[in-house]
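Dear colleague,

Here is the structure you asked to see. My notes follow below it.

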Amino acid sequence: MAWDFETDPEFQAKLDWMESFVTEKVEPLGYLGIHPYDVTNPRRNELVRPLQQEVKDQGLWACHLGPELGGQGYGQVKLGLMNEIIGGAMFAPIVFGCQAPDTGNAEIIAHYGTPEQKERYLRPLLDNEIVSAFSMTEPQGGSDPTNFVTRAEQDGNHWKINGEKWFSTNGKWADFLIVMAVTDPDAPRHQRMSMFIVPIDTPGVEIVRNVGVYGQQDGSESYVRYTDVRVPADHLLGERGGAFAISQTRLGGGRVHHAMRTVGNCRKLLDRMSRRAVSRTTRTGTLADYQGVQFDIADSYIELEQFKLFVLKTAWAIDKYNDYRRVRKDIAAIKALMPKVYADIAKRCIHIHGSLGVSNEMPFVGGLIAAMVMGIADGPTEVHKVTVAKQHLKQYRDVKDPVFPDYSLLNRKALAMELYPDPVGEIADAAEMAV
Ligand SMILES: Cc1cc2nc3c(=O)[nH]c(=O)nc-3n(C[C@H](O)[C@H](O)[C@H](O)COP(=O)(O)OP(=O)(O)OC[C@H]3O[C@@H](n4cnc5c(N)ncnc54)[C@H](O)[C@@H]3O)c2cc1C
C-alpha cells in the first residue's frame, strides 16, 4: 500500500534544518537593500558565500541536479518539499543554488550543451560565480512564440543575430543570455527557431532599459536589443530548429518548484493572518471570534492544503514516470491554479490586517502582485488551461454519443431492467434516481 503522506524521518531532519537556517540566517538578507543576483557586489558575495558553504556542507546544494553535476539527484517530491521552505525568503534560492532562471538554463546546457559549452558556461553557473538570463519573449509577442521575429542568420562560421527581447530577467547581471531566434523561417511552425548562448559583452548586445515589477523604479526585467550580434557557430545550443523542444525540457520541473514556493509563501500569509486574527480586538472580542474572519481563515487553509496535495501528487507522478510529457496536464493545471490560490490568500491576509495590510509597512501587497506575475510569467493562465482541457479531452476523442446518450436515466433504467429482469417492489421514476 503506497499512499503515504509522511516525510521519512531522515529527510524530515534535513527539512527541519532548512527551516531554521532559512528563518534565522537567510531571510534577514532580504531586508538589506542588496539584490541576490548582483554577483558584482562584493558585500553581497561576502554575506552569501559562507551561507552557500553551509548549505554545501549539509549536502543540500543545487539539489535539482544529478550527482554528476554536484547535486543530490533528488526527485521532484523532495525538491518540492525543499522549495516550500525556500519560497519563504528572497535570498533562499541563491543560497541553495536553485535560483531561476539559472536552474532552467543550467538544465538545458547540461542536457544539450557541448563539452566546451559546459566547461565555459555551466561550471561557473552552477557555482554561482556568474548568473544568466533567458531571452525568449519579444515586445510584440509573448504567449505565442510563433510570433517571434528575432532572426539568426549564418554568416561564415558565425551566426548573426538581430532583434529585440523583452523581460529577459536579470539581463543586467547576466554573464550570458540564452537567446531564442528564428533560423529557419520556412520550416514547420515548431522547427523555425534555435537557441544560442550569447555572452553579454558581445558587441551589439544592448540593454535598452531594466523594467521594474512590484512597483520598482530600477528593475531587473531587461529589454534587450541585438544588433548584428555575431557569435561563433559553436554557440548554437542543441540542434538547429530545436528551440521549442529544448524550452519544454527547461520548464517542466521549474513549474513544480514555483508552485511549491507559492505554497511556502501562502503558508506564511496564513500564519500572519491567523496571528492578526487572534491578537486584534474589536467590539466584544478578537477578530478571530467573528464568523466572517473564521471563513477567511478556513477557506485559506482548505485551498492551501488542496493545492499543496495537488502539487506533490504532480511531483510524485514526475518521479514515477520520469517523463514530463506524461504529466503535462497536471503540470499545466498547477501552473493555472497557482496564481488564484496565491491571490485569494494574499487578499484575505491584506483584508484582515486592515489599513496596516495595504500599507508599505507590510509585504502583503507584494504578494498580490507576485500572484499576478505567476499568472503571466512562463505563459498566461489561459494558455495553461487550454493545455489542461486539450489533454483531458484526448480520452474522449472517439466518443460519438447519440442525442440521448447511454447515461440518460431512461436508458440506464432500461439497461438495469435487462440485467435484472424481475425487480422486487416499486421502481422509482428515472428522475428520482441518482446519477
Ligand atoms: C516577472 C516576469 C519575468 C519574466 N521573465 C522572463 C524571462 O526571463 N525570459 C523571457 O523570455 N520572458 C520572461 N517573461 C515574459 C513572459 O514569459 C511573458 O510575459 C508571457 O509569456 C506572456 O507574454 P506577454 O507578456 O507578451 O503577454 P501576451 O501574450 O500579450 O498576453 C496578454 C494576455 O492576453 C491573454 N492571452 C494571451 N494568449 C492567450 C490565449 N492563447 N488564450 C487566451 N488568452 C490569451 C491573457 O490574458 C494574457 O495574460 C517574464 C514575465 C514576467 C512578468
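Helices (H or I, at least four residues) and strands (E, at least two) are taken as DSSP runs and numbered from the N terminus. On that basis the protein has 13 helices and 10 strands.

Please note that this is a predicted model: local features need pLDDT of at least 70 and side-chain atom pairs count only at pLDDT 80 or more, whereas totals for chains, interfaces and linings use all residues. Residue numbers start from 1 along each chain as its sequence is written.

The C-alpha atoms fill a box of roughly 85 × 65 × 40 Å along the principal axes.

Two UniProt annotations, both from an unreviewed entry, divide up part of the chain; such positions are given in the numbering used here, feature names are shortened, and annotations may be inferred rather than shown by experiment. "Acyl-CoA dehydrogenase/oxidase N-terminal" covers residues 16-129, a span that is 57% helix and 0% strand, with its end C-alpha atoms 28 Å apart. "Acyl-CoA oxidase/dehydrogenase middle" is listed for residues 133-229; that span is 0% helix and 54% strand, and its end C-alpha atoms lie 16 Å apart.

Of the 435 residues, 36% are buried (20 or more other C-beta atoms within 10 Å of the residue's own, with C-beta atoms placed from the backbone). The largest nonpolar core (buried Ala, Val, Leu, Ile, Met, Phe, Trp, Tyr and Cys residues joined through C-beta atoms within 7 Å) has 97 residues. I161, V179, F196, V198, V311 and Y342 touch the most other members. Helix 9 (residues 328-352) gives the most to this core, with 14 residues.

Regards

Technical notes. Buried ≥ 20, exposed ≤ 12 C-beta atoms within 10 Å, placed from the backbone.
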